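Trainee: Could you take me through a close look at one part of this model, the sheet in chain A, and then show me how the other chain compares in its own details? I'd like one connected walk-through.

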Amino acid sequence: MIEMQAIHKSFGPKQVLRGVDLTVNSGESMVIIGGSGTGKSVTIKCILGLIRPDSGRILLDGKDVEEEDRDAFLARFGMLFQGGALFDSLPVWQNVAFRLLRGSLKRPKAEAREIAIEKLRRVGLTPDVADQFPAELSGGMQKRVGLARAIAAEPQVIFFDEPTTGLDPIMAGVINDLIREIVVEMGATAMTITHDMSSVRAIADKVAMLHNGKIRWTGPVADMDTCGDPYVDQFINGRAEGPIEAVR
Amino acid sequence: MNSLAAPFAAIGRGTLDMLSLIGSIAIYAGQAISHMLRPPFYPREFLHQLGLIGWLSLPVVGLTALFTGGALALQIYAGGARFNAETVVPSIVAIGIVRELGPVLGGLMVAGRVAASIAAEIGTMKVTEQIDALTTLSTHPMKYLTVPRVLAAVVTLPILVAIGDAIGIMGGYLVGTLRLDFNAAAYMTNTIHFLEAGDVISGLVKASVFGFIVATMGCYHGMNAGKGAQGVGRATTAAVVSASILILASNYILTEVFFSA
């Protein structure tokens, strides 16, 4: 279980998070929605320790993440980055097996390659992709490789940062289905940030809306359309008119 | 009153920014050294960087040394002729190349090539979230990216400069014998006779320090690149400029240390 308690974060004079409180139960798929620049990515990066919050606590299974051993802590996570964030200098299979080729999870090279090819197959890519370089792949294929890398070491918690941004609707649907299948199959806890409503409906068990640095509403995805919150209503229906200013 | 104070405020702000930059570079360099001494190590990355930084810089450093050695021989001959001291050409060329021009010009050429490429590569990795990805994959960016590059530059620059020294002396020899009518055997004898081990060693120590500066500046500015293509461009320029200035400044300090007595 991940618990965020009163997380604040500012960058210079700009207050991005103003007291985020959020709980994600184990095995649950939580999707955070919200407009651009509302602090969705910062929220995830705070959990991963990529950004240190100014105040507040983050607990993983009841333990403060600040006090945990960093390597052991990170070994429990996988993340799919918005642009894939694949390492250009490494072939696809070494990207996927990156964690398995070094550090505490190190395996023999042949075994790591085998696992990488198996994970690539799981995301719908053929083994011949393994020896190509990321720059040779299309955007959709790069996302799939990123997804394969995120699940390669069987993490307990997986983060997805805008998983469908920049993809055509069909490829976005394929990625959404893959994420849903993989999360269910692995029994992992998932946390996704997106403003693509088709992703929300495909992936989420629960939804949280972030607005103005705070969680505005949270609840099961089935209640989203009838929650009665004007901010959520405006966002999910994509209306220019409403309490959320169109120009931010 | 405000308009009178404005220039002083600007100078103060600039000074504070500069001090803050020097402080953060010093902390970064200290962290790099500290990570060099603690596992995990990435020998494969180190070997890869040895090739990129060392081997691929060889043509640049070699050509620079060759032409500098030749020009130096012409200058010293022309200057020496004013007081009938043309015979000092071989020894002054050798001492000048080995003590000063070899390490400094080699360092500056490598700064242009290597600091820029490191800053651009790491800066691009930063803006495309590859550095964050490394961290989430339990790999410390300082250990995986900075340490192998800094270590490779510290090791390869003295080797490059040693080869450059030999090529530079050869440049002087070619101009001396083919253009200035020096006797080939006498030229070589004079070169070797007047050159001391301390001249060579001081130059190689300088080269090692310059290697540290070049790679550290490339990594620091890459890691701190701003957003987008403009951020990477600025980081690349800043890496080359700061590495070049630091090479020249540290060269003066090292020369004081080695030769002021």
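Mentor: Happy to! Let's start from one pair of residues: A:V31 has A:T192 of β8(A) as its bridge partner. Please keep in mind that this is a predicted model. That pair belongs to a set of four bridges between β3(A) and β8(A), and these two strands run parallel. On its other pairing, β3(A) is joined to β9(A) by four bridges, again in parallel. Here A:I33 is matched with A:M209 of β9(A).

A:M209 is a handy residue to follow, as it also has a partner in β10(A), namely A:W217. Strand β9, residues 206–211 of chain A, is linked to β10(A) by six bridges, and that pair is antiparallel.

Now step back to the whole sheet. In chain A, six strands make an open sheet, ordered β6-β7-β8-β3-β9-β10, with mixed pairing. At the edges sit β6 (77–80) and β10 (214–220) of chain A, each of which pairs on one side only. From one strand of this sheet to its neighbour, the average turn is 15 degrees, ignoring direction. Helix α1 of chain A, residues 40–48, packs on the sheet and touches β3 (29–33), β6, β7 (157–161), β8 (189–193) and β9 of chain A. The direction of this helix makes about 145 degrees with that of β8(A).

How enclosed is β3(A) by the rest of the structure? Five of its five residues are buried, so β3(A) is largely enclosed. Both of its faces are covered: A:S29, A:V31 and A:I33 are buried on one side, and A:M30 and A:I32 are buried on the other. So the A:V31 we began with is one of the buried residues, as a count of 20 or more other C-beta atoms within 10 Å is what "buried" means here.

Chain A also meets chain B: 15 residues of chain A are in contact with eleven residues of chain B. On the chain B side, the residues that touch chain A divide into three nonpolar, six polar and two charged.

Chain B gives us helices to look at. Helix α4 (residues 89–127) and helix α9 (residues 228–259) of chain B pack at about 150 degrees, and their axes are 8 Å apart. That angle makes α4(B) roughly antiparallel to α9(B). The crossing of α4(B) past α9(B) is right-handed. In this contact the residues comprise 15 nonpolar, nine polar and no charged.

Another residue worth finding on your screen is B:G164, in helix α6 (residues 141–178) of chain B. B:G164 counts as buried because it has 32 C-beta neighbours inside 10 Å. Beyond its neighbours within four places in sequence, B:G164 is in contact with B:V61, B:G62, B:A65, B:G102 and B:G106.

The loops of chain B hold some backbone details too. Between α1 (2–36) and α2 (43–54) of chain B lies B:P40, and the peptide bond leading to it from B:P39 is cis, with omega near 5 degrees. B:E129 lies in the loop between α4 and α5 (130–136) of chain B; its phi is near 65 degrees, a positive value in a residue other than glycine. In the loop between α5 and α6 of chain B, you will find B:S138, which is not a glycine but has a positive phi of about 60 degrees. B:S138 is buried, with 21 other C-beta atoms within 10 Å.

Methods
Residues numbered from 1 in each chain as written. Chains lettered and ligands numbered in written order. Predicted model: local features only at pLDDT ≥ 70, side-chain atom pairs only at ≥ 80, totals over all residues. Axes fitted to C-alpha atoms, helices over the stretch in contact; angles between N-to-C directions. Parallel < 35°, antiparallel > 145°, perpendicular 65-115°, else oblique. Left-handed = near helix turned anticlockwise from the far one by under 90°. Nonpolar A, V, L, I, M, F, W, Y, C, P; charged D, E, K, R; others polar. Contact = placed C-beta atoms within 7 Å. Pairing = 2+ DSSP bridges. Buried ≥ 20, exposed ≤ 12 C-beta atoms within 10 Å, placed from the backbone.
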